[in-house]
Structure formats: C-alpha cells, structure tokens
Amino acid sequence: MKKYLSIFFVTLLAMTALTGCTGSTGESSEDNTSTTVSTTDTDTTQTGTTDDTNVDVVAPTGEPTYGGTVVVGIQQDIDGLDPHTVTAAGTREILFNIFEGLVKNTANGDLMCAVAEDYSLSEDGLVYTFNLRQGVKFHNGNLVTAEDVKYSLERVSGLLDGTPLISTMKTITAVDILDEKTVQVTVDSVNPELIYSFTAAIIPNGSGEDENANPIGTGPFSFVSYTPQEGIVIAKNADYWQAGLPYLDKVEFKIITSGETALLELQAGTVQVYPYLADSQVTELEGKMQVLSAPSATVQALFLNNSVEPLNNVKVRQAIMYALDKDEINLFVAGGDATVISSAMLPSLESYYVDLNDTYGTSANVEMAKQLLTEAGYPDGFDLVISVPSSYEVHMQTAEVIVEQLKAVGINASIDAIEWSSWLSDVYTDRNYAATVCALTGDSTPGYLLNRFTSTSSKNFINFDSADYDEVYAKVVAATSMEERGIYYKELQKILVEEAATGFTLCIANKVAVANDLGGYQFYPVYVQDMATVYYVSK
Amino acid sequence: MKVFNNGKAPDRKLNIYLIVGAVMTGLVLIWAVVGIFWTPYSTTQMSASLRFHAPTWSHPFGTDNFGRDIFSRVMKAVGTSAIISILVVAISAVLGILLGAITGYFGGIVDAVVMRVVDAVNGFPSILLALVIISLLGKGRQNVVLALGMAFTPSFVRIVRGEFIRLRDADYIVRARLMGVNKPRILFVHILPNIFSTFWVSVMIGFNNAILAESGLSYLGIGVQAPDATLGSMLSDAQGYLAKSPWFALAPGLTIVWTVLGAAMLSEGIGKLKK
C-alpha cells in the first residue's frame with residue numbers, strides 16, 4: 001500500500017513541478033513570438049489570456065513626486081542594445097526609454113517632435129526638412145549636431161555601407177546638412193507614412209558598433225548596466241529636453257521568465273510594474289494592485305484560406321461570418337474586456353478605423369448562415385480543420401468556442417493543435433491550411449495591417465484575391481496625404497468585410513499590473529514601456 | 001509464496017481492501033461506461049449565462065469557464081482516461097508476457113540482451129520516455145497509448161521473467177519437459193496460469209500508473225485534444241481558475257484520487273487473496 005501511495009505522491013509532486021514548467025514555457029513562447037514578429041516579419045502575436053475579470057482600476061490619489069526606483073518585470077532577455085539592429089519587440093519597448101528619433105511616438109498613436117523641433121515636407125512629397133531642437137544633449141553630455149543626425153539616418157538607410165537597417169528607410173537617397181541646425185532628407189518615392197520611420201534613434205556620429213556595449217541616446221533615461229539573463233538598469237537623464245520629465249531616478253528591467261515567479265515578486269513588492277498579464281494572473285492580483293487595461297496593438301481572427309474548397313466560395317465565408325458570435329468569444333476568452341472588430345484595423349487608430357460590426361452582427365445569425373450555406377451548395381455543412389498554435393491559450397480557447405458556434409450552423413469544425421514553429425512554416429509560410437486562429441500585430445502606421453491583403457503580397461497568407469482591393473490599395477500608394485489615404489483605408493476595410501475575407505474577431509486588451517503608489521503609466525498603440533511619465537504619488 | 005502464521009489457521013478475516021477497492025473501482029467503471037453513452041448535459045455545448053457556477057443540484061460539480069457542466073465532462077473524461085489506460089496496460093502486459101516468458105524460461109544470450117535493453121529503458125522515468133516517444137510520433141490519442149504502452153512494458157517484463165525463472169525448474173515443469181511437451185505449451189499452458197496472482201497485482205498497479213501518466217501527458221497538452229477532455233486536460237484547463245472557482249480543479253482531481261485509490265486497494269486485496 002505504502003508503495004502505491006508513494007507512487008501517487010511522487011506523481012503528484014511531478015505534476016506540481018510540471019506546473020512550474022508550463023508557466024515558464026508559456027512565457028518563453030511569448031517572447032519567441034515577440035522576436036519572431038520582428039525577425040520574420042510575421043507579426044503574429046500575442047499571448048494568451050483566458051478568463052474574465054472585472055478589473056477595478058483604482059487611480060492613486062496624490063501629487064506626482066520626483067525620485068525613486070521602479071522595477072519592471074519583463075518576460076525575455078534583450079537581443080542587443082544597438083537601437084538600429086535589435087529586432088525583438090521586447091527589446092525595443094525598453095530602448096524606447098533610452099533613444100529618440102527626430103520624431104517620437106505618443107500614447108495616442110500620433111507623432112511628436114523630439115530631436116527635431118519641427119519639420120516640413122516639400123510639395124512633391126520627396127524632400128523632408130528637419131529643424132533640430134536647440135540644446136538636446138546626448139547622455140555623454142555632448143549636444144546633438146546635424147552631423148549626428150546625418151550619420152544616424154545614413155546608417156539606417158544603408159547610405160553608409162549599403163545595407164539598410166530599417167527597410168522602409170531605403171527610399172532615402174540623400175541626407176544633406178543645410179546648416180548646423182537643419183537637415184534635409186531626399187527620398188525617391190512619395191510615402192506619407194514614411195514619417196513614422198523617422199522615429200529611428202539618433203546616435204552620436206560614428207558611434208555605430210559601440211552602441212551595443214555603450215548605448216548613448218537622447219532619451220529620458222540613460223543606460224547604466226546590462227547583465228544577461230538578469231536585466232537592464234537605466235537612470236534619469238537630468239539634461240532631458242522635456243522639462244519635468246522623467247520623474248523616477250532609476251528604472252530596473254528585471255527578466256522574470258516564469259509567470260508564477262512574477263506573481264510572487266509582484267505580491268512581495270519587489271516588482272512594481274508587470275505588463276502582458278494573463279487573465280488568470282489578473283484574478284490573483286485583483287484588489288491587491290492596480291490592474292490597468294487598454295486595447296493591445298493586435299487583431300485576432302479566424303483566418304480562412306481563401307483558395308481552398310469550400311472557403312473559396314464567398315457565400316461560404318459569409319456564412320461563417322454570420323455563424324460567429326463575437327460577443328460570446330469576447331466574454332469567454334477575454335471576460336468581455338476586448339473590443340469586437342470586423343476588419344484589419346486597430347480601433348485605437350481612430351482616424352482610420354471604421355466600425356463595420358453591423359455588417360454581419362456581433363452575435364450569431366444561424367438562419368442567415370444556413371441559408372447562405374444552402375445557396376452555396378452545402379446545405380449539410382462541411383468539415384473544417386482549424387489549425388491553432390497550441391502555446392497560445394487565448395487562441396486555443398477562441399478556437400474551441402468557434403468550433404461550437406460553427407457546429408450550430410452545421411459546419412463540422414475540429415481543432416488541430418500545432419507547434420508554433422509548424423504554424424509558422426505550414427500555415428504562415430506554406431499556406432497549407434484551411435483555417436487558423438491567431439493574431440496580427442499592428443503598429444502606428446495604419447496601412448501596416450492592410451497591405452498584406454493585396455493579392456501579390458508575400459504576407460497574404462489567407463490567399464485573399466480581390467481586384468477591387470488591389471485597385472484601392474494602388475490608390476493608397478499613390479495618395480500623398482494621410483487624409484486621402486484615410487479614405488482609401490476605410491474603403492479597404494469595407495472590402496475585406498464585404499468579401500468576408502477572414503473572420504476578424506477581437507482586439508484583446510493588454511493588462512498591466514502597477515503598484516498602488518505609482519501613477520502616470522501610459523499605454524501606447526505600439527509596443528512600448530514608457531517610464532518617463534511614471535511617478536510615485538505623494539502620501 | 002506460502003506464509004506460515006506460526007502454525008495458526010490461515011487468516012480468514014474479511015478482506016477489507018478487496019471489498020472497498022472493488023466497490024470504488026466498480027463505481028468509477030460504471031460511471032465511466034455510462035458516460036461514454038450518456039451524460040446529463042452536452043459535454044461541449046457552451047453557455048454564456050452558466051459560466052463559473054458553483055456546485056448546485058442541477059450541476060453537482062459546478063460549471064467551467066465555457067459554462068459547460070463539469071459533472072458531465074468528468075463522466076466523459078473518466079471514460080476516455082480509463083479506455084486509454086486499459087489499452088496501455090493491455091499493450092504493455094502482452095509485450096511483457098511474451099518477452100518475460102522467453103527471457104525467463106530460456107535464459108542465455110537472449111535473456112542478457114533483452115534484459116540490458118529493458119534496464120536501459122527502465123533507467124528513464126516512464127513519463128519522460130513517453131514524452132520522447134510522443135515528440136517523435138506526434139500528439140493525439142493513439143500515440144499516447146503507444147508511447148505509454150512502450151514506456152510501461154519493462155516493468156511487466158521484469159515481473160513475468162522473475163516468475164518464469166522461479167517456475168521453470170519446478171517439478172511439474174521438469175516432468176512436462178521430460179514427457180516431450182512442446183515449448184509454447186509449457187510456457188503458456190503450464191507456467192502462465194500459475195503466475196496470474198502476481199501478474200494481476202502488477203496489472204492493477206500498471207493501470208494506476210497509466211491513469212496518472214495519461215493525466216500528466218494531457219495536463220501538458222499533448223494527450224487528447226480539445227474539445228474532448230481527459231482528467232489531466234481538465235486539470236490543466238482549471239489551473240488558471242484555482243482562486244476563482246476551485247471546484248473546477250477539484251472535480252477531476254478528486255476523480256483521479258478516487259480512481260487510483262480504488263485500483264490500488266483492489267490490487268492490495270488481490271495480493272492478500274492469494275495468501
């Protein structure tokens with residue numbers, strides 16, 4: 001008897017030990033994703049949260065105070081410190097505090113001038129003229145000169161050694177210094193969204209390869225130290241050009257790969273800020289810390305391969321749109337905190353987003369779906385395999401809900417849980433699938449999520465092929481103002497919905513745990529942890 | 001193995017292990033068999049209004065994050081887990097008898113080679129071994145059965161071999177040999193029935209280990225795929241909601257305890273029976 005009991009307990013122990021492992025695997029797959037997002041340009045993301053919780057955000061009361069140290073928990077190690085060569089999103093969100101470009105992202109999705117004081121664009125849209133801000137200093141104490149700007153832009157555009165470090169910048173043909181405070185950039189084609197690329201970091205002239213060991217920028221914090229596997233420490237830049245910022249003296253980014261450890265550290269108060277919470281973690285932290293929530297920069301969807309039977313029939317795809325109950329998905333996988341979407345645009349990009357949820361409704365319309373299936377010649381439904389990357393719990397759960405919803409209209413769907421790596425190769429690269437549930441990351445350029453659906457795009461993994469769409473997209477490329485582009489972007493979103501290209505579902509919320517005595521945490525529509533505005537409130 | 005109770009009459013006390021174990025295992029089996037054909041609610045139908053309900057009369061184990069009845073899901077999961085475990089034991093027991101009989105009876109070079117392989121395989125924890133095999137074969141129900149079947153074979157080989165070595169020189173076997181009875185008949189008609197009392201105990205232990213190992217694998221997400229459930233995958237689903245709805249984890253957890261305890265007591269009872 002004893003023996004069986006001991007076998008039993010050992011297995012129990014083993015299972016507890018495995019609990020720890022799952023936690024950490026989950027986390028590491030998350031950082032894999034972030035890395036992959038940038039390196040393979042896959043833009044697939046983001047983990048997995050489950051469950052629902054009503055988050056009470058208790059805003060701290062009290063005046064901002066200066067000073068203090070904040071420890072931020074991060075899920076993965078960084079892949080370098082050179083702002084022009086790092087690829088992982090998880091690294092860039094930290095370097096945002098150290099480096100700045102001529103312009104800089106703001107929390108509302110716009111740009112503000114940073115190293116440049118203002119800029120102008122020539123009539124033909126081919127020449128940018130940047131006036132540099134007076135008195136901006138590098139962390140080494142030197143003033144930023146036009147030489148530094150020229151060097152930085154030439155480095156990222158490939159003019160320096162032939163390899164562009166930022167692909168959109170390769171349209172730059174010349175960087176000229178007009179006078180010591182004015183830099184003129186000439187490009188070979190009009191692109192109103194190019195200005196977003198001028199967020200590329202300005203670094204001291206000739207620093208290049210040194211940046212990895214000794215990063216010097218102009219941001220609100222300066223680099224102090226980096227210990228692999230442990231973390232990175234940054235300190236207040238007393239000479240920062242924005243008066244009054246930053247509040248904190250020191251920020252430590254501490255690498256915590258296990259979700260369980262992160263919870264313990266948060267509860268013990270050794271970590272004050274922890275982003276990308278899973279909903280089960282939210283449950284644990286509720287009432288003990290502030291849990292802030294904002295829409296993330298991702299769009300989740302039931303992606304349909306438009307070139308396989310029977311999904312190549314638009315009526316079948318529309319039937320699936322009617323079958324989806326997005327409100328239910330929102331409730332089941334995001335606790336109702338996500339934003340229901342119908343097309344490939346982040347709702348946070350308000351000037352370009354158009355709400356198309358009424359087209360198919362946000363709850364299921366079984367009669368409509370069945371009628372369309374009958375018209376399409378599938379009155380008894382069909383079999384559909386949904387391939388889902390198994391490490392993303394939120395996508396797995398979404399798929400599980402969708403299987404039930406499709407069953408209600410007679411479509412016999414099943415889930416094929418696959419590894420992230422096989423998802424990347426089979427589904428994304430080889431397009432060898434019928435349907436999948438995953439998410440795409442957007443960025444602050446509104447066209448980023450839309451350009452992949454042109455019939456010739458290498459990123460068009462749903463094989464969407466619409467002449468209308470290609471035509472309107474051509475107009476986008478030709479348009480020279482963002483207002484004009486905005487009109488076409490809305491048209492593109494409408495085409496995606498009318499053609500039922502793919503079943504867009506949710507823009508899932510990003511939840512961050514913040515210590516009760518901290519204020520000023522800001523969400524960005526891009527992948528950023530801005531510590532400059534964070535402060536301790538006075539008691 | 002005859003035990004002499006200092007000359008006293010053999011212990012005829014009630015075999016409490018056997019009775020309790022049989023009752024517990026019997027209940028689980030009935031529950032599982034019923035669950036395969038009928039459950040009070042659908043095991044996959046989701047309901048937004050029924051999420052995270054605490055246990056009530058209509059939902060004795062509560063409901064889960066999709067508003068599914070946990071009682072129904074556990075019923076179905078027990079059946080799935082039991083079938084997988086029975087198949088695992090069947091595979092490893094059959095292989096164990098074949099290899100154990102041959103190595104135990106004949107000895108020699110075959111014995112040496114097979115037993116060194118068995119030792120090597122035994123060197124790995126069975127769950128690790130199963131993980132390796134699954135990573136080679138891929139996920140899914142059949143592969144879990146195959147992987148665990150292979151991982152569990154060595155312990156059966158050892159037990160069967162030991163019994164065959166003990167019996168191969170018994171008087172009645174020596175006589176059978178002298179009478180010219182053919183080898184398969186000696187192995188499987190003359191020796192095999194005499195090792196069953198020991199063998200059944202190890203089958204029950206094997207069944208227990210298979211239940212636990214299968215739960216472990218499903219818990220790691222490489223066993224049966226959603227929306228089907230086994231006890232392990234239900235535990236894994238419930239993990240994130242431990243604080244919020246403890247009954248979600250409690251139901252499959254207690255079912256595992258009940259099943260394993262029942263089978264363990266049953267095997268103990270069988271062990272006592274032969275004395």
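Two strands are said to pair if DSSP finds at least two bridges between them, and the helices (H or I, at least four residues) and strands (E, at least two) named below are DSSP runs, numbered from the N terminus. This is a predicted model, in which local features need pLDDT of at least 70 and side-chain atom pairs count only at pLDDT 80 or more, whereas totals for chains, interfaces and linings use all residues. Residues are numbered from 1 along each chain as its sequence is written, while chains are lettered from A and ligands numbered from 1 in the order in which they are written.

With these terms in hand, one can begin at strand S20 of chain A, residues 503–507, which is mostly covered, five of its five residues being buried; a residue is buried if 20 or more other C-beta atoms lie within 10 Å of its own, exposed if 12 or fewer, and partly exposed in between, with C-beta atoms placed from the backbone. Strand S15 of chain A (residues 298–304) runs antiparallel to S20(A) and is joined to it by three bridges, and in this pairing A:Leu302 stands opposite A:Gly503. Strand S16 of chain A (residues 339–340) also pairs with S20(A) in the antiparallel sense, over two bridges, with A:Val340 opposite A:Leu506.

Chain A also holds an open sheet of four strands with antiparallel pairing, in the order S6-S7-S9-S8. Strand S6 (116–121) and strand S8 (172–179) of chain A each have a single partner strand and stand at the edges, so one side of each is left without a neighbour in the sheet. Direction ignored, neighbouring strands of this sheet are turned by 20° against each other on average; axes here are lines fitted to C-alpha atoms, for helices over the stretch in contact, and angles run from 0 to 180 degrees between N-to-C directions. Helix H3 of chain A, residues 146–157, packs on the sheet and touches S7, S8 and strand S9 (182–187) of chain A, its direction making about 180° with that of S8(A); contact between two residues requires that their C-beta atoms, placed from the backbone, lie within 7 Å.

The individual pairings fill in this picture. S6(A) is joined by five bridges to the antiparallel strand S7 of chain A, residues 127–132, where A:Phe130 is the bridge partner of A:Tyr119. S8(A) and S9(A) pair over six bridges, again in the antiparallel sense, and A:Ala174 has A:Thr186 in S9(A) as its bridge partner. The hairpin that joins S8(A) to S9(A) passes through two residues.

A second open sheet in chain A has three strands in the order S2-S23-S22, with antiparallel pairing. Its edges are strand S2 (64–65) and strand S22 (518–519) of chain A, each with a single partner strand, so one side of each is left without a neighbour in the sheet. Two bridges join S22(A) to the antiparallel strand S23 of chain A, residues 535–537, and A:Leu518 stands opposite A:Tyr536 in S23(A).

A loop residue of chain A also deserves attention: A:Asn237 is found between strand S11 (231–236) and strand S12 (250–255) of chain A. A:Asn237 counts as buried because it has 23 C-beta neighbours inside 10 Å. If its neighbours within four places in sequence are left aside, A:Asn237 is in contact with A:His139, A:Gly219, A:Pro220, A:Phe221 and A:Ser222. The C-alpha atoms of A:Asn237 and A:Thr218 lie 8.3 Å apart, although these residues are 19 apart in sequence.

Chain B has ten helices and zero strands. Of its 275 residues, 46% are buried, and among contacts between residues at least 6 apart in sequence, 69% join residues at least 24 apart. Helix H5 of chain B (residues 141–168) has 28 residues, which at 1.5 Å a residue should span 40 Å, and its end C-alpha atoms are 39 Å apart, which agrees; the expected span is 1.5 Å times one less than the number of residues. H5(B) has a kink of about 35° at B:Thr153, shortly before the proline B:Pro154, the bend being the angle between axes fitted to the seven residues ending there and the seven starting there. Helix H8 of chain B (residues 196–219) is mostly covered, with 20 of its 24 residues buried, and is followed by B:Gly221, whose phi is positive, near 85°.

Finally, confidence: the mean pLDDT of chain A is 80, and 87% of its residues reach 70 or more, pLDDT being the predictor's confidence in each residue, from 0 to 100. Over residues 1–58 of chain A pLDDT stays under 50. Where pLDDT is low, the predicted coordinates should not be read in detail.
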